[in-house]
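Dear colleague,

Please find the structure below, handed over for your study. My notes on what was found in it follow directly after.

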Number of protein chains: 2
Amino acid sequence: MTRVAIIGLGLIGGSLGLAIKAAGRDDLEVVGFDVDGSVRKRARQMNAVDETASDAADAARGAGLVIVATPPATVRAVFAEIAGALGEGAAVTDVASTKVRVMEWAAELLPRSVSFIGGHPMAGKTDQGIDNAEATLFQDSSYAVVPSPTARDSAIKSILGMIELLGAKERFMTADEHDHYVGASSHLLIAASTALFTMLHASGSWADFAKIAGPAYKDLTRLASGDPEMATDIAVTNRSQVQYWIDRYILELRRFRDLLDGSEDAIFMEFTNANMNRAKFLEGEDYDALPGTDPLAIPSSADAMASMMMGPRVYERVREITKRLEERMADQLRESSNQP
Amino acid sequence: MTRVAIIGLGLIGGSLGLAIKAAGRDDLEVVGFDVDGSVRKRARQMNAVDETASDAADAARGAGLVIVATPPATVRAVFAEIAGALGEGAAVTDVASTKVRVMEWAAELLPRSVSFIGGHPMAGKTDQGIDNAEATLFQDSSYAVVPSPTARDSAIKSILGMIELLGAKERFMTADEHDHYVGASSHLLIAASTALFTMLHASGSWADFAKIAGPAYKDLTRLASGDPEMATDIAVTNRSQVQYWIDRYILELRRFRDLLDGSEDAIFMEFTNANMNRAKFLEGEDYDALPGTDPLAIPSSADAMASMMMGPRVYERVREITKRLEERMADQLRESSNQP
């Protein structure tokens, strides 16, 4: 019987418990802990854990796998609390959305007899807390895996076993890579979404904007309703990456702004490219097999044809623009070959 | 019997037909037209119209209310096409997402015997076309109404009657106001969402980003999958407003970036304010009665208490920060009163 300890029973910790229990593995026993007694009770009621412990160290004692699923800012304190209770050879992981700082804390505080493997499930939703936990939360999602240099193979296998059981796909990377990637694909989004909301809210015409705002405004500002503590933790622990990506985003917006001064054809091709490329992304293009993309390439007619989502009108326009561009290039070639 | 003509039977035109027919009014007869014959057939099958006409002028002939629901770029051509067929006193409206240009076209092309009232329903979804049309699409949404200077009261009443029947709420404004407001609350979002997608897609690490991107990235980039023709029309017909709002957004992002260099308290209060203000927005704060907001104010403890969505931990932290700020202000007052 392997004891799995989950420390922190919020949306992620609770969902991990539900998913592990749902797998129906007789050889696993799930012990949970949360600082909030009512959350511990709810976890037992929901059958997200087999039992609960009275503190974090108690939960970790004798566990073969320890999952720290508390908010990023409290991870360091939990490491200090459980360090003395961890058994020899235990696999320890976390679910925090930044990894560089967490790996430093693990190296500093956890005993050398355990293996730390940083983790980050790329799943979640706006509504937090155990009441929103679901066994299927991680199904078909990516799960970042960041082994520490001293992690043993057997411990890495434990983590991979858990990820398989969740129905997720592991993605190995370094802590630096992780914080760079999620800085763009997740943390920047919190800044972008919050800024869209605060910009209009702080304007003198907010009452008018609020009356006219449609579903798109609600969708795109939804991350402004995330947990402020979580957002602050992320901003503080991954500060330089978030700032880097805000700067990159500003450059991209400026490029877009300048594009609007250009030709209607160029604007149309920008939107068409984005539409087609996002369709491929949603269809689950095989990025492991991707030979290298040329993002600036004008899509070929075949490409446009292949993308059934575009409809005949858009296809027709892409074909026309492509033809015009080809003619222009042919003209230029002819002119240059006519030069003495 | 009043004849209602709907020209253009896409998502919006089709949904208007379904909503008007769903109201079960015996005194209204809905005639539709679309350039695509298969769409006309589908509209009849779905019962979105009572009958279809063979061209736009034919649909408009004898109609008391004419709704032009074609893409923005084709509105001018439709006005020219129907001008000769419009009956004396007809109310003519459109659903285009920009209004300044549309009002110019109406003044230029429509006969003086009809009343033009620009319209823009603040409803929609990513999936376009009549197959996605719904009778309830406009329920509880805002509907911008922009009467031309020569529009008769009776015609305005026709439009308001239609909006009531859709279950929407009319919002009167000028064409300039409209284009300014939707420039921010709608058109900027297309740019922001598309730029988030293209920035990462064009980066050398796209394969890695794509693997790690979670649900938030999909949500926030969804407008990059909108109809490229529609997006181009909007960008071209409301160019200066879109550029103005991109510039404003860049300034807001830069403010956010600089805030990350500041104290953790300040970052936390930024996210907390955004969270609380968005909760009020979603709860449907009464903006008609709003006395004027002070967006920079620190929320009072009562405010935080009132916002049940925040949870006790966030409330406690807001209270602590508020207390620290009050103490700091009291210290400063004391110091300044001690000065000779």
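In chain A of this predicted model, strand β1 (residues 2-7) runs parallel to strand β2 (residues 28-33), and six bridges join the two. One of the residue pairs across these strands is I6(A) with G32(A), its bridge partner in β2(A). Between the two strands comes a helix: β1(A), α1 (residues 11-22) of chain A and β2(A) together form a β-α-β unit, and this unit is right-handed.

Strand β1(A) has a further parallel neighbour, strand β4 (residues 65-68) of chain A, to which four bridges join it. I6(A) takes part here as well, since the residue opposite I6(A) in β4(A) is I67(A). You may find I6(A) a useful place to begin when you trace the strands on screen: look for G32(A) in β2(A) and for I67(A) in β4(A).

The sheet as a whole is described here for chain B. In what order do its eight strands lie? The order is β3-β2-β1-β4-β5-β6-β7-β8 (chain B); the sheet is open and its pairing is mixed. The edges are held by β3 (51-52) and β8 (169-172) of chain B, and because each has a single partner strand, one side of each has no neighbour in the sheet. Further inside that order, β5 (residues 91-94) and β6 (residues 115-121) of chain B pair in the parallel sense over two bridges. Across this pair, V92(B) faces F116(B) of β6(B).

Turning to the domains, the assignment for chain A gives domain 1 as 2-173 and domain 2 as 179-261. Their C-alpha centres are 30 Å apart. Contact between them involves 10 residues of domain 1 of chain A and 13 residues of domain 2 of chain A. On the domain 1 side, the elements that contribute two or more residues are α4 (72-82) and α5 (100-109) of chain A. That side of domain 1 of chain A has four nonpolar, four polar and two charged residues.

Finally, there is the relation between the chains. A turn of 180 degrees, with a shift of 0.0 Å along the axis, lays chain A on chain B with an RMSD of 0.0 Å. This is therefore the relation of a two-fold axis. Both copies use the same surface, as 100% of the contact residues of chain A recur in chain B.

With kind regards

Definitions and conventions
Residues numbered from 1 in each chain as written. Chains lettered and ligands numbered in written order. Predicted model: local features only at pLDDT ≥ 70, side-chain atom pairs only at ≥ 80, totals over all residues. Domains from an automatic or database assignment. Contact = placed C-beta atoms within 7 Å. Nonpolar A, V, L, I, M, F, W, Y, C, P; charged D, E, K, R; others polar. Least-squares fit on C-alpha atoms with pLDDT ≥ 70 in both. Pairing = 2+ DSSP bridges. Right-handed = clockwise from strand over helix to strand, strands pointing away.
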